[in-house]
Amino acid sequence: MASVLSYESLVHAVAGAVGSVTAMTVFFPLDTARLRLQVDEKRKSKTTHMVLLEIIKEEGLLAPYRGWFPVISSLCCSNFVYFYTFNSLKALWVKGVVNVLLTTPLWVVNTRLKLQGAKFRNEDIVPTNYKGIIDAFHQIIRDEGISALWNGTFPSLLLVFNPAIQFMFYEGLKRQLLKKRMKLSSLDVFIIGAVAKAIATTVTYPLQTVQSILRFGRHRLNPENRTLGSLRNILYLLHQRVRRFGIMGLYKGLEAKLLQTVLTAALMFLVYEKLTAATFTVMGLKRAHQH
C-alpha cells in the first residue's frame, strides 16, 4: 500500500513538473515584459504586446526568452516539491519554505540574465555583463558576496502563501463543479486554474514587485545595504513606490503578470490533469492484466 501511495505521489510530482515546464515555455515572453515594467521604473506602462514589440525591436527576436534555462530549472524543482504533497496545504507550506531556500539563487541569476542587455529607461540601474549561468554565479559571489544569491528571500518566504492560495481555490472550485457533474472537461480545468491563479496573483503582486527589485539588486538605491532583505527595507521599497508613482506603482506590470500566470497556471493544470489521468488509466489496465 505504501509503495502504491509513493508511486502515485511521484506521478503527481512528475506531471506537475512537466505541466509547469510546458506552460512556462509557451508564455515565457509575458514574464519578461512583466519584469521589465517592475524593475525599470521609468519605462512607461504600455500594453503587454507593445512592451514585447519594443523589446524585440531594441534587443532582438530571442530577447523575450533570455534567462529561460534557470527558470525551467527552478520550476522543475519547485513544482516537483509542490505536487509531491499536493493534497496537504500544511505540507505545501513547509515544502514551499524549503523550496524558496533551495531555488532562490537560481531565481536571482534568472532575473539578472533576463534583464542583461535591456535598454533601461532608468539611469539608476547598473548593467550586468554575465557570459552565462556559471559566470553569473561567479561574479555575484565575487563582487557582492555569497549572501547576494539569496536576495529577496524574505518576500519570497511570504509569497509561499501564493501557491497555497492558488491550490486552495483550485481544489474548492473543482469540488463544487464535481458536485454538479461526473467529470470535468478540459475547458472546466482551464477556467478553474485561471481563476485560482488570478486571485492569488492579484493579492500578492506588490510583494512580487519588491521581490523582483531585490533579486535584480542592480539599483543604486540604498547602496550601503545592497541586499535590502529585511522587513524594514521591504516596507521602505513599498513606501518609495507609492510615494513616487502612487498606489498603482505597486501594480505596474500586473496586466502582463496576470496574462502570464493565469494562462501558465491554466495550461499547467490542464497538462497535469491529462498526464495523471492517462498514467493512472495505464496503471489500472496493468493491474487488471495481472489478476
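I began with L30 and found its place in helix α1, which covers residues 2-39; I keep in mind throughout that the model is a predicted one.

I then asked whether L30 is buried or exposed. Its relative accessible area comes to 14%, and because buried means under 20%, I entered L30 as buried.

Next I looked up which residues L30 touches once its neighbours within four places in sequence are left aside, and I noted T48, L52, A256, L259, Q260 and L263 as its contacts. I also checked H49, which lies 19 residues from L30 in sequence, while the two C-alpha atoms are 8.5 Å apart in space.

I turned to helix α7, residues 161-178, and asked how its expected span compares with the distance between its end C-alpha atoms. At 1.5 Å a residue, the 18 residues should span 26 Å, and I found the end C-alpha atoms 25 Å apart, which agrees. For the same helix I listed the buried residues of α7, and these are N162, P163, A164, Q166, F167, Y170, E171, K174 and L177.

Last, I stepped back to the protein chain as a whole, where I counted ten helices and zero strands, so that my record of the elements from the N terminus on reads α-α-α-α-α-α-α-α-α-α. Of the 291 residues in the protein chain, 49% are buried. Among contacts with a separation of 6 or more, I noted that 79% join residues 24 or more positions apart. For the surface, I wrote down about 14,400 Å² exposed by the protein chain, with carbon and sulfur atoms supplying 68% of it.

Conventions: Residues numbered from 1 in each chain as written. Predicted model: local features only at pLDDT ≥ 70, side-chain atom pairs only at ≥ 80, totals over all residues. Heavy atoms only, no water. Helix = DSSP H or I, 4+ residues; strand = E, 2+ residues; numbered from the N terminus. Buried < 20%, exposed > 50% of the residue type's maximum accessible area, 1.4 Å probe, protein only. Contact = heavy atoms within 4.5 Å. Areas by Shrake-Rupley, 256 points an atom, 1.4 Å probe, with all protein chains shown as cover. Expected span 1.5 Å × (residues − 1).
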